[in-house]
Amino acid sequence: MSRSVRTRPEASGQALSEAYDTALLDLDGVVYAGGNAIAYAVESLATARAGGMHLAYVTNNALRTPDAVAGHLTELGIPTGADDVITSAQAVARLISEQVPAGARVLVIGGEGLRVALRERGLEPVESADDDPAAVVQGFGGPDLPWGRFAEASYAVARGVPWFASNTDLTIPSGRGIAPGNGAAVEVVRIATGAEPQVAGKPLPPMHRETILRTGAERPLVVGDRLDTDIEGAFHGEVDSLLVLTGVTDGPQLLAAPPQHRPTYVDADLRGMLTGQPEVTLDGDGFRCGGWTARAGAESLEVAGEGEALDGLRALCAAAWTAAGEGTCELDGGKALARLGL
């Protein structure tokens, strides 16, 4: 099925919390960072929920169980039940269950979230390659996962046991900075075996399928901070997305985004769920949003005007994405972003 290439952020005359029935929210960098709530997150989510929007929390982190995630969110002041949490562990457990016999043994390289998800699907977690596993599953196991666990996975995979990964995010945010994620651990086993895992997490379809099955969303809005997981996942699922700038994505990355990484909407934080979104219009050879006009020059992106910096960023997105078409914008946006204070 052909799909038109997004060349500018879209407008919404309604608050996004009214235009969509379900928010599919990423956690790290969107709702919290380093375990603490991000500014405006608690209040914004409470307002969206009070207005009738269903809130679901979708994470690639397979370490914690839905109960543990829900408990953490509730402690932050965001009342959440385990049924409101969807993890990549659940998505990969369903993927495995569709390919192995009921009750099969699965070698687990990861944390309790994987074990709980496997048992939910009627599968038996085991710890050794010598336990005759029907599959190997690898998920984030925390900073203290022993090195020997990677060897255990490698032994089984080298014997031809099917290999699955909850996700392949190379990094994960922490309170002290950016740390290696499950993708880095997957690379260890890949190097040792030369094999390729089946992957379930964002941005791939098994995660989106799991989310829709568990939420029953009819008009979902993906809300995330990462272009290569949250926004690309929405692209593959053919649903709309809101990028918030409270996590890992910065201005240069957004302007250089290829089509699969271009969000429907862009806003500073979760307050963007509670408002409409401004229109970006063609203005001569440039694009106008609010008090700003942006255009693609010969070597760089340019912006002029005054007003809200986010409007200038939206206009710059339109100029960059239009110039790039189906590719990646290579024009320098540094001076334009500095003009906006971004």
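This report walks through a sheet, two helices and the aromatic contacts of a predicted model.

**The sheet**

Let's start with the six strands that make up an open sheet, in the order 5-4-1-13-14-15, with parallel pairing. Strand 5 and strand 15 sit at the edges, each with a partner on one side only. On average, neighbouring strands here are turned by 25° against each other, if you ignore direction.

Zoom in on one edge: strand 14 (residues 240–244) pairs with strand 15 in the parallel sense, over three bridges. Across that pairing, Leu-242 stands opposite Tyr-265 of strand 15. Helix 9 lies across strand 13 (220–224) and strand 14, and runs at about 155° to strand 14.

**Helix 8**

Helix 8 covers residues 205–215, and its buried residues are Pro-206, Met-207, His-208, Glu-210, Thr-211 and Thr-215. What do these buried residues pack against? Their partners include three strands of the sheet just described, namely strand 1 (22–25), strand 4 (54–59) and strand 5 (85–87). Helix 4 (88–97), strand 12 (198–199) and helix 9 (227–237) are also among the elements they pack against. Just after helix 8 comes Gly-216, which takes a positive phi of about 65°.

**Aromatic rings**

Searching the whole structure turns up two aromatic pairs. Here they are side by side:

| Pair | Centre to centre | Angle between planes | Geometry |
|---|---|---|---|
| Tyr-20 and Tyr-265 | 6.3 Å | 75° | edge-to-face |
| Trp-147 and Phe-150 | 5.4 Å | 85° | edge-to-face |

Take the tyrosines. Tyr-20 is in the loop between helix 1 (16–19) and strand 1, while Tyr-265 belongs to strand 15 (residues 265–267), so this pair ties together parts that lie 245 residues apart in sequence. Both Tyr-20 and Tyr-265 are buried. Tyr-265 is also the residue that Leu-242 stands opposite.

The other pair sits within helix 6 (residues 147–158), where Trp-147 and Phe-150 are three residues apart and hence separated by about one helical turn. Why would that spacing suit a side-by-side arrangement? An α-helix has 3.6 residues a turn, so residues three or four places apart point the same way. Is each partner buried or exposed? Trp-147 counts as exposed, at 62% relative accessibility, because the cut-off for exposed is over 50%. Phe-150 is buried, with a relative accessible area of 10%.

One more ring deserves a look: Arg-271 lies over the face of Tyr-40, 3.5 Å from the ring centre.

Conventions. Residues are numbered from 1 along each chain as its sequence is written. This is a predicted model: local features need pLDDT of at least 70, side-chain atom pairs count only at pLDDT 80 or more; totals for chains, interfaces and linings use all residues. Side-chain values use heavy atoms; hydrogens and water are left out. Buried means under 20% relative accessible area, exposed over 50%, partly exposed in between (1.4 Å probe, protein chains only). Helices (H or I, at least four residues) and strands (E, at least two) are DSSP runs, numbered from the N terminus. Contact means heavy atoms within 4.5 Å. Rings of Phe, Tyr and Trp (its six-membered ring) pair if their centres lie within 6.5 Å; planes under 30 degrees apart count as stacked, over 60 as edge-to-face and the rest as tilted. A charge sits over a ring if NZ of Lys or CZ of Arg is within 6 Å of the ring centre and within 35 degrees of the ring normal. Two strands pair if DSSP finds at least two bridges between them. Axes are lines fitted to C-alpha atoms, for helices over the stretch in contact, and angles run from 0 to 180 degrees between N-to-C directions.
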